[in-house]
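Please open the structure in a viewer and set it to a cartoon display with side chains available on selection. The tour below proceeds from one selection to the next.

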Amino acid sequence: MQSYASPLSQVVDELWERRAELGPDDARARSVVVHAIDLLDAGKARVATVCDTGEVVVDERAKRAILLAFRVLGMARSQVGDFHHHDRVPLKTSLDGVRVVPGAIARWGSYLAPGVVLMPSFVNIGAYVDAGTMVDTWATVGSCAQIGKNVHLSGGAGIGGVLEPPNAVPVVVEDDALIGSRAMIVEGARVGRGAVVGAGTILSASMPVIDVRTGEELSRGRIPDWCVAVGGTRNKEFPGGTFGLPCVLVLKRLEEGRRHDKAELNEILREHGVNA
């Protein structure tokens with residue numbers, strides 16, 4: 001795995017080693033952790049990044065800082081309009097260049113780049129949402145999930161979170177991808193650049209991704225760049241009989257750089273007997 005120089009203080013690692021001793025009354029530890037989460041909130045640090053080799057590199061120190069926040073921050077009451085909250089992690093306040101529709105929630109420690117649009121949705125601590133992305137109504141961006149530029153997370157889509165263990169790879173959705181309504185991308189799975197994921201598709205890190213043209217298993221938990229993928233099943237023999245196990249099917253490869261055309265996508269799905 002490629003090494004990664006964290007921008008966060010090494011003191012975070014020292015605090016992690018004695019985390020069982022820490023609490024809200026430790027002012028020094030709280031100061032270090034708050035500074036680290038502020039860097040995540042501003043996008044000056046991030047939990048994971050895709051390096052030049054295409055590998056996802058995790059900043060373990062950043063994840064440790066997030067976990068430490070739940071030890072060193074005390075419970076606090078807050079209010080937004082008529083809504084009352086009681087939590088250790090406050091809501092995000094740095095929203096320059098971001099459109100936030102009433103009902104949207106983003107926690108401190110998540111980064112929202114200028115040009116992001118949040119419909120009534122939820123973005124958790126440690127998440128990174130890049131420029132031009134829309135998080136549509138009732139979509140969820142889980143803790144530490146990494147969302148690229150110009151992504152569309154359709155209504156009700158669920159992007160899973162991951163905090164423990166600290167070195168676990170978070171979900172990554174790369175630039176220009178489209179995640180269909182009620183699709184679930186979880187457990188460190190990855191969606192490639194420009195990929196279209198059909199409505200209701202479930203992708204986990206261990207789930208096989210299969211090319212329908214060849215029957216080849218392309219990967220486990222990773223949808224390739226520039227393709228249309230949907231949820232499917234594959235038959236597997238067990239002592240008790242033959243059962244269909246979930247998988248993800250790659251229906252078609254798309255021309256690189258081509259923006260999604262809804263009518264064309266619907267035609268691809270109909271061609272394969274999938275509801276648009």
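Begin with helix α3, of whose 13 residues ten are buried, so the helix is largely enclosed by the rest of the structure. The model shown is a predicted one.

**First selection: helix α3**

Select residues 60-72, the extent of helix α3. The buried residues to highlight here are Arg61, Ala62, Lys63, Arg64, Ala65, Ile66, Leu67, Leu68, Ala69 and Val72. A distance label between the end C-alpha atoms of helix α3 should read 18 Å, which agrees with the span of 18 Å expected at 1.5 Å a residue.

**Second selection: the aromatic pair**

Aromatic pairs in this model come to two. To view one of the two, select tyrosine 111 and tyrosine 128, whose ring centres are 4.8 Å apart and whose planes meet at 40°, a tilted arrangement. Which strands does this pair connect? Tyrosine 111 belongs to strand β7 (residues 111-112) and tyrosine 128 to strand β10 (residues 128-129), so the pair ties together parts 17 residues apart in sequence.

Both partners may then be viewed with the surface switched on. Tyrosine 111 has a relative accessible area of 15% and is buried, because buried means under 20%. Tyrosine 128 is likewise buried, with a value of 11%.

**Third selection: charges over rings**

Keep tyrosine 128 in view and add arginine 46, whose charged end sits over the tyrosine ring, 3.6 Å from its centre. Then move to tryptophan 16 and arginine 19: the charged end of arginine 19 sits over the tryptophan ring, at 4.0 Å from the ring centre.

**Fourth selection: a pocket**

Next, turn to the second largest pocket, which holds about 310 Å³ of space. Its lining consists of 13 residues, and those closest to the pocket centre are Val80, Leu91, Gly103, Ala104 and Ile105. Strands β4 (83-87) and β6 (105-106) are the elements that each contribute two or more residues to this lining. Coloured by class, the lining of the second largest pocket shows ten nonpolar, two polar and one charged residues.

**Fifth selection: the loop between β4 and β5**

Select threonine 93, found in the loop between β4 and β5 (99-100). Is threonine 93 buried or exposed? Its relative accessible area is 74%, and threonine 93 therefore counts as exposed. Adding aspartate 41 shows a C-alpha separation of 9.3 Å from threonine 93, although the two are 52 residues apart along the chain.

**Sixth selection: the loop between β11 and β12**

Proceed to the loop between β11 (134-135) and β12 (140-141), where tryptophan 138 is located. Threonine 137 lies in this loop as well. Tryptophan 138 is exposed, at 58% relative accessibility, whereas threonine 137 is partly exposed, at 26%. From threonine 137, a C-alpha to C-alpha line drawn to lysine 92 spans 18 Å, and these two residues are 45 apart in sequence.

**Final selection: backbone angles**

Most residues other than glycine have a negative phi. Return to tryptophan 138, whose phi is positive, near 65°. Then select tryptophan 226, which also is not a glycine and has a positive phi of about 50°. Where does tryptophan 226 lie? Its place is the loop between β24 (222-223) and β25 (227-238). Tryptophan 226 is buried, at 7% relative accessibility, while tryptophan 138 is exposed.

Methods:
Residues are numbered from 1 along each chain as its sequence is written. This is a predicted model: local features need pLDDT of at least 70, side-chain atom pairs count only at pLDDT 80 or more; totals for chains, interfaces and linings use all residues. Side-chain values use heavy atoms; hydrogens and water are left out. Rings of Phe, Tyr and Trp (its six-membered ring) pair if their centres lie within 6.5 Å; planes under 30 degrees apart count as stacked, over 60 as edge-to-face and the rest as tilted. Helices (H or I, at least four residues) and strands (E, at least two) are DSSP runs, numbered from the N terminus. Buried means under 20% relative accessible area, exposed over 50%, partly exposed in between (1.4 Å probe, protein chains only). A charge sits over a ring if NZ of Lys or CZ of Arg is within 6 Å of the ring centre and within 35 degrees of the ring normal. On a 1 Å grid over the protein atoms alone, a cavity is a set of points where a 1.4 Å probe fits but cannot get out, and a pocket is an open set with protein on both sides within 12 Å along at least five of seven lines; lining residues have an atom within 4 Å of a point. Grid points are joined across faces, edges and corners, and a volume is the space filled by probe spheres set on the points. Ala, Val, Leu, Ile, Met, Phe, Trp, Tyr, Cys and Pro count as nonpolar, Asp, Glu, Lys and Arg as charged, and the others, Gly among them, as polar. The expected span of a helix is 1.5 Å times one less than its number of residues.
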